Amino acid sequence: MAQTSDNAYTVVGVQIAPNLRMNKIYIAAALAGAKVTKEHIGLDVQSFERGHPIGRSPSMKTEKGWLHESGAILRYIARRFPAAQLYGSDDFEASTIDMWVDFATTEMDPPALHFLFVGLGAAPRTDAGIADATSTISGPLAGVERALVA
């Protein structure tokens, strides 16, 4: 996101439909009341090098420099707009939110991306691939369900 005013940002990244990482940022920005415009860049190296040292998307330019990685950008938005209480009301709640954001990024996103890429035609649809992704996401989903019921 390139900052354009106190509450207006531009998300800079590759738009594949849907881009899980960019969509997380759009949702957090909407909940925080930040105005967001989207700047879609190409897959060429020069587009990426503007913001991310190893060419990943999304990136966000602030008045102090670039931020990359969706988790860091989410945390920035939560801290930048404390009235939205996206980071809870105390350190324990903030750490609990960090825990679930990290969990989703490491455990849920990879198998979900497999389904996305198959749906977009960017990966072949094979019974073995679908079974592996389903098996991989089933464990984390069961863990989320146990945590919610507890």
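This is a short tour of selected side chains and helices, one selection at a time. Keep in mind that the model is predicted.

**Stop 1: Asp98**

Start by selecting Asp98, which you will find in helix H4, residues 91-120. Show its side chain together with that of Arg75: a polar contact of 2.9 Å joins the two. Now display the surroundings of Asp98. Setting aside residues up to four places away in sequence, Asp98 touches Arg75 and Tyr87.

**Stop 2: the aromatic pair**

Stay on H4 and select Trp100 and Phe103, which are 3 residues apart in this helix, about one turn. In an α-helix there are 3.6 residues a turn, so residues three or four places apart point the same way. How many aromatic pairs does a search of the whole structure find? The search returns 1. Trp100 and Phe103 form that pair, with an edge-to-face arrangement, 5.3 Å from centre to centre and 80 degrees between the planes.

Are these two rings' residues buried, exposed or partly exposed? Trp100 has a relative accessible area of 35%, so it counts as partly exposed. Phe103, at 23%, is also partly exposed because the cut-off for buried is under 20%.

**Stop 3: Asp109**

Move along to Asp109, another residue of helix H4. Asp109 has a relative accessible area of 8%, and it is buried because that value is under 20%. Which side chain is joined to that of Asp109 by a polar contact? Select Lys24: the polar contact between the side chains of Asp109 and Lys24 is 2.7 Å. To complete the view, add Leu20 and Ala104, which along with Lys24 are in contact with Asp109 once neighbours within four places in sequence are left aside.

**Stop 4: Arg80 and Phe81**

Next, select Arg80 and Phe81 and turn the view to look down on the ring. The charged end of Arg80 sits over the ring of Phe81, 5.6 Å from the ring centre.

**Stop 5: helix H5**

Finish with residues 127-149, which make up helix H5. Its 23 residues reach 32 Å from the first C-alpha to the last, close to the 33 Å expected at 1.5 Å a residue. Where does H5 bend? Centre on Ser138, where the bend is about 25 degrees; Pro140 follows within four residues.

Now colour the buried residues of H5: Gly129, Ile130, Ala133, Ile137, Pro140 and Gly143. Pro140, which you met just after the bend, is thus on this list as well. Bring H4 back into view to end the tour, since the buried residues of H5 pack against it.

Key:
Residues numbered from 1 in each chain as written. Predicted model: local features only at pLDDT ≥ 70, side-chain atom pairs only at ≥ 80, totals over all residues. Heavy atoms only, no water. Helix = DSSP H or I, 4+ residues; strand = E, 2+ residues; numbered from the N terminus. Polar contact = N/O pair within 3.5 Å; in protein donor to acceptor, adjacent residues only side chain to side chain. Contact = heavy atoms within 4.5 Å. Phe/Tyr/Trp six-rings, centres within 6.5 Å; stacked < 30°, edge-to-face > 60°. Buried < 20%, exposed > 50% of the residue type's maximum accessible area, 1.4 Å probe, protein only. Lys NZ or Arg CZ within 6 Å of the ring centre and 35° of its normal. Expected span 1.5 Å × (residues − 1). Bend = angle between axes of the 7 residues up to and from the residue.
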